[in-house]
Amino acid sequence: RSPRSPPPPSKTHTERQGNEPPAGAMAAVFARRLAPVAYAFRQATKPHHFAGIVRVQETCFPSVRERMSVQALEGVTQYNGGDFCKYVITATETASASAPESRGLPEEEEVAAYILYQLHLEKGAHVISIGTSPAHQKQGHARELMNWCLTHARERGCKESNLRVRKSNHAAIGLYESLGFTPDAMTHCYYSDPVEDALILKKDLSLIESESESSSLLESDLMAVPAF
């Protein structure tokens with residue numbers, strides 16, 4: 001029997017075809033992409049919540065006028081004579097959340113979406129800002145946050161809700177119209193970077209049939225879903 005030939009030398013990282021990453025690194029990438037994410041609904045009260053809101057605003061809104069600073073978010077409790085309400089949906093990878101050495105660390109909890117709104121008995125509920133991180137879009141977070149806002153406003157005695165949106169933001173306008181908002185007016189050149197008109201939408205809160213619209217959000221606390 002002929003002697004067995006020695007195995008070929010293993011490829012170094014630089015010799016791999018197409019500079020492909022090591023198998024372990026590739027597995028880690030796919031594991032992160034496929035890792036379930038725990039989403040939780042929270043009132044924004046902590047510094048990392050406010051910092052997360054600012055990060056989402058920076059990715060969603062080109063104009064500085066459409067953003068708020070961490071200091072303003074932390075310090076403002078009243079807005080134009082009404083209560084300033086701040087809520088977030090946070091995301092935590094379940095693998096990270098279960099690791100003893102990382103459990104409870106703020107940096108493991110990412111703000112996936114947020115909503116800022118004003119509650120005023122006479123002026124109604126004014127949605128100041130709402131946004132979703134690009135990494136967590138297409139999961140229904142904006143709709144659930146809007147439903148929470150509208151139900152909260154109705155419970156507090158507000159008769160209507162209103163908001164402004166860029167007239168070119170057709171995706172957002174479609175969401176608001178699906179929630180019962182209708183066009184009311186136009187503010188010319190309201191936005192900058194780029195300059196654009198703002199469409200003002202309103203909703204009659206008496207049209208909310210029941211409080212069940214917000215129940216799915218409250219029951220979804222720590223619900224794990226795949227994040228792609």
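**Pocket lining and nonpolar cores**

User: Which elements each supply at least two residues of the lining of the largest pocket?
Analyst: Elements are DSSP runs numbered from the N terminus: helices (H or I, at least four residues) and strands (E, at least two). A pocket is an open set of points on a 1 Å grid where a 1.4 Å probe fits, with protein on both sides within 12 Å along at least five of seven lines; lining residues have an atom within 4 Å of a point. The elements are α2 (47-60), β5 (124-132), α5 (141-155), β6 (160-166), α6 (170-178) and β7 (182-191).

This is a predicted model, with local features needing pLDDT of at least 70 and side-chain atom pairs 80 or more, while totals for chains, interfaces and linings use all residues. Residues are numbered from 1 along each chain, and side-chain values use heavy atoms, without hydrogens or water.

User: Which element gives the largest share of that lining?
Analyst: Several elements contribute at least two residues each, α5 and β7 among them. The largest share is seven residues, and its source is β5.

User: Which element gives the largest share of the largest nonpolar core?
Analyst: This core (buried residues, under 20% relative accessible area, joined through side-chain atoms within 4.5 Å) has 34 members. I115, Y117, M146, L163, V165, Y176 and F181 touch the most other members. Elements supplying at least two residues include β1 (36-43), β3 (82-93), β4 (110-120) and β8 (196-204). Seven residues, the largest share, come from α5.

User: Which residues beyond four places in sequence does Y117 contact?
Analyst: Y117 is one of the core members that touch the most others. With contact taken as heavy atoms within 4.5 Å, its partners are D83, F84, C85, Y87, H126, V127, I128, W148, C149 and H152.

User: How many residues form the second, separate core?
Analyst: V56, F61, L73 and F84 are among its members. The count is 13.

Technical notes. Buried means under 20% relative accessible area, exposed over 50%, partly exposed in between (1.4 Å probe, protein chains only).
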